[in-house]
Amino acid sequence: MYGVWTPEQVGTAEEPVLARTPEGALMRRAAYGAAQVAMRMLTERAGGVTGRRVVVLVGAGNNGGDGLWAGAYLSRRGVRVTAVLLSPDRAHPAGLEALRSWSARIVTDPDDAVPAVERAHLVLDAIVGTSARGGLRAPAPRLVGATEAAGVPILAIDTPSGVDPRTGTVPEATDDGPAAVTAAETVTFGARKPVHVLARDRCGPVSFVDIGLGPELSEPPITVLEAADVGAAWPVPGPGDDKYTQGVVGVAAGSATYPGAAVLASGAACLATSGMVRYAGSAADEVRAAWPEVVATDHVADAGRVQAWAVGPGLGTGDDGAATLRHVLDAGVPVLADADAVTLLGAHADLRTQAARVPTLVTPHAGEFARLVADLDDPPDPAPDRVDAARRAAAALGVTVLLKGNATVVAAPDGRVLVHPAGSSWLATAGSGDVLSGIAGALLAAGLEPFRAAGAAAFVHARAADLGAGTPGTPGAPLPASHVQAGIPDAIRTVRAAALTTTGAGR
Ligand SMILES: NC(=O)C1=CN([C@@H]2O[C@H](COP(=O)(O)OP(=O)(O)OC[C@H]3O[C@@H](n4cnc5c(N)ncnc54)[C@H](OP(=O)(O)O)[C@@H]3O)[C@@H](O)[C@H]2O)[C@@H](O)CC1
Ligand SMILES: Nc1ncnc2c1ncn2[C@@H]1O[C@H](COP(=O)(O)OP(=O)(O)O)[C@@H](O)[C@H]1O
Ligand SMILES: [K+]
C-alpha cells in the first residue's frame, strides 16, 4: 500500500525539510534521481548514455530548476543536453548556472527548439510541476506537439505538464498543439500526487525518488493497494471451514431480458471465494446451466440465508426491481448495489435511507453516479474532481462508493479514499461491471468491510482483464467480460503469490 498526497500537503511537508537542509539540497536530490531515470531510459531506448541527445523544456519555477539540475547531471555523464527556456527571465538561477558550467546548449527561441526536440533521444518535461494551473501555455504546445510527432519519448519531471496535479484532468487541445504532456514515464519526488494515480495514461510508469519528506507527511488522503495487500486480505478456506463458514453470497441480478448479467455476476462470485453462492431471480435456469454449483431460486424471498447480497445487474428499474432491492436491504447483511440498483437508490429516498443502515457498497459508472446523487443538495460532480465527488457522495449517502473508470475511486463514508489505477483499458467492455459485482459481493460475504472489499475487488478485476488480454509486456488483445471472469483465478493466484513473497501471508 502506498499513499498519495496533495501538492499542498507535499509543500507543507517540504518546509521543515528545506529549513534543515542546505539551500538547494532537496532540489539537487530530486534532480539527481530524475537524471538516473533519464539515463536508464536512454540506455533502454537509445542503447547508451554518452553522446545521446536530451532536450530539457524548462519552465518558470522549481520544476524548471529540477530540469536544469538534471540536465547538468546528464551533461556530466557525457549527454549532449539542450535546455529550452520557456520563460527565460524566470529560469531557476542556480540550476541555470549549474547547466552553463557544463557548457550545455541553451535555447530561448522556439524556432531553434523545434529541430532540437525532433532530433532528441529523450525530452525532459520540466515545464511546470505541482504549481500548475490549466493547460500548457505557448510556446509549450508547439514544442510538445513536435516532440510527439517525432516519436521522441518524454520523461515528465514530477508531473506531466498541463495535467492538473490534483485531479488528473486535462483541458482540450488547442490549434497550437496538445494542452498537456503525455509522458512515456514520470519521475516524482518526495510523495506521489493524485495525478499519478488518476491520470496513469498521461504519466506512464511512475518512478519515485525519496527526498526525505516521509517523516513530515500527514496521513495520506488517498491510498493505493498493491498486489501483496490484496493477496494478504483475500479470504481462503482454512482446515476448520465448510461451505457456510466462509460466508454465503446471494446474487439478485438478471432478468428474462438480461440473463447474462446474472451469469456473469454469479460465476464471478463462485470464482472469487470458496463457500457458497445463491442466486435469486428470473435467470435461475441460465445461471444453473452455466454454474451448476449455484443454488438458484426465482425469488429473493425463497433464497435462504446469506451473509451478503450482490444486487442490481440486469435487475430492471421498475417496481419488481425496487421490491427486490428493498428486500435485500432489509436482510440486515452487507449489500453490494450495482447497475439498476444504483439507479433505484437514486430514485427512491426510502431505499437510500435503508442502504445507509447496513454496510453498503454502491458501484456506479459515471452515468449511474449522476443518477445516484441527483436528489442530493448540491449534487457532487465528478468533473473535474472524481475523488472529491466520490468522497462527498459517500459522506452524504452513508455508503461506500466505488466510482468506476480507468482509475477506480473508492470512498468510504468516514472520508477514507482509495484509488485503483488500471494498468490498461481492456475492462471497457460490456458486462465487465457485472463481473466486478460478483467479486465484490463475494468479498463482502466473506467479511471484508465494504471499503476493503471494493479495493480488493477492483484490483483483482483489473488484473484478471490484464492477464486475460495477454502476457504482461506484450501488446495484448481485446477480451469479453466472460473471459475477464475466467481470469479471476489467475489474478487471485498472482496477488496471493505477491503476499507470500513480501510478508509470508497468503498461505
Ligand atoms: N520546494 C522544493 O524545494 C522542491 C520542489 N521541487 C519541484 O518544484 C516543483 C514546484 O515548483 P514551484 O512551486 O516553483 O512551481 P512550478 O510547478 O515549477 O510552476 C512554476 C510556475 O509556472 C507557472 N505555471 C502555472 N501553470 C502553468 C502552465 N500550465 N504552463 C506553464 N506555466 C505554468 C506558474 O507561474 P505564473 O506564471 O502562473 O505566475 C507557476 O508558479 C515541484 O513540482 C517539483 O518539481 C522538487 O525540486 C523538490 C524540492
Ligand atoms: N477505460 C477503462 N479503463 C479501465 N477500466 C475501465 C475503463 N472503462 C471501464 N472500466 C471498468 O470496467 C467496468 C465497467 O463496468 P460497467 O460500466 O458497470 O459495465 P457493464 O454495465 O457493461 O457491466 C468497471 O469496473 C470500470 O471501472
Ligand atoms: K513537469
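Helix α17 (residues 432-445) supplies the largest share of the shell around ligand 2, four residues. Helices (H or I, at least four residues) and strands (E, at least two) are DSSP runs, numbered from the N terminus. This is a predicted model, in which local features need pLDDT of at least 70 and side-chain atom pairs count only at pLDDT 80 or more, while totals for chains, interfaces and linings use all residues. Residues are numbered from 1 along each chain as its sequence is written, and chains are lettered from A and ligands numbered from 1 in the order in which they are written.

## The two ligand shells

Ligand 2 is surrounded by 17 residues, with K404, S425, L427, A428 and G433 the closest. A residue is near a molecule if its C-beta atom, placed from the backbone, lies within 6 Å of it.

Around ligand 1 there are 28 residues, and the closest are G61, N62, N63, G129 and S131. Helices α1 (7-20), α2 (25-46) and α3 (62-76) are the elements that give two or more residues to this shell. The largest share, four residues, comes from α3.

The table splits both shells by class. Ala, Val, Leu, Ile, Met, Phe, Trp, Tyr, Cys and Pro count as nonpolar, Asp, Glu, Lys and Arg as charged, and the others, Gly among them, as polar.

| Shell | Nonpolar | Polar | Charged |
|---|---|---|---|
| Ligand 1 | 12 residues | 11 residues | five residues |
| Ligand 2 | six residues | nine residues | two residues |

## The annotated binding site

UniProt, in an unreviewed entry, places a "binding site" at K404, G405, N406, A407, T408 and G433. These positions are spread over 30 residues of sequence, yet they cluster in space, with a largest C-alpha distance of 13.9 Å. UniProt positions are given in the numbering used here, feature names are shortened, and annotations may be inferred rather than shown by experiment. K404 and G433 are also among the closest residues to ligand 2.

Two of the annotated residues differ in setting. G405 sits in the loop between β16 (400-403) and β17 (407-411). G405 is partly exposed, because 17 other C-beta atoms lie within 10 Å. T408 belongs to strand β17. T408 is buried, because 25 other C-beta atoms lie within 10 Å. The cut-offs are these: a residue is buried if 20 or more other C-beta atoms lie within 10 Å of its own, exposed if 12 or fewer, and partly exposed in between, with C-beta atoms placed from the backbone.

Beyond its neighbours within four places in sequence, T408 contacts L402, L403, V419, H420 and A458. Contact means that the two C-beta atoms, placed from the backbone, lie within 7 Å.

## Domains and core

The protein chain is divided into domain 1 (26-188 + 204-209) and domain 2 (227-503). Their C-alpha centres lie 42 Å apart. Domain bounds come from an automatic or database domain assignment.

From UniProt, again an unreviewed entry, comes the feature "domain: YjeF C-terminal" at residues 226-495. That span is 46% helix and 14% strand, and its end C-alpha atoms lie 9 Å apart.

The largest nonpolar core has 184 residues. Such a core is a set of buried Ala, Val, Leu, Ile, Met, Phe, Trp, Tyr and Cys residues joined through C-beta atoms within 7 Å. A38, V56, L57 and V311 have the most contacts inside this core. Helix α18 (residues 450-469) gives the most to it, with 13 residues. Both domain 1 and domain 2 give residues to this core, so it lies between them.

A38 touches V54, A70, L74, L122, L124 and L155, not counting residues up to four places away in sequence.

## Three further positions

G250 lies in strand β10 (residues 248-252). It is buried, with 30 other C-beta atoms within 10 Å. Outside the four places on either side in sequence, G250 is in contact with R278, A280, A303, V306 and W309. G250 and A296 are 46 residues apart in sequence, and 9.4 Å apart in space, C-alpha to C-alpha.

P413 is in the loop between β17 and β18 (417-421). P413 counts as buried because it has 20 C-beta neighbours inside 10 Å. Leaving out residues up to four places away in sequence, P413 touches A394, A395, G398, V399 and T400. R391 is 22 residues from P413 in sequence and 7.2 Å away in space, C-alpha to C-alpha.

L376 is in the loop between α15 (366-373) and α16 (386-397). L376 counts as partly exposed, with 14 C-beta neighbours inside 10 Å. The C-alpha atoms of L376 and A349 are separated by 9.8 Å, with the two positions 27 residues apart along the chain.
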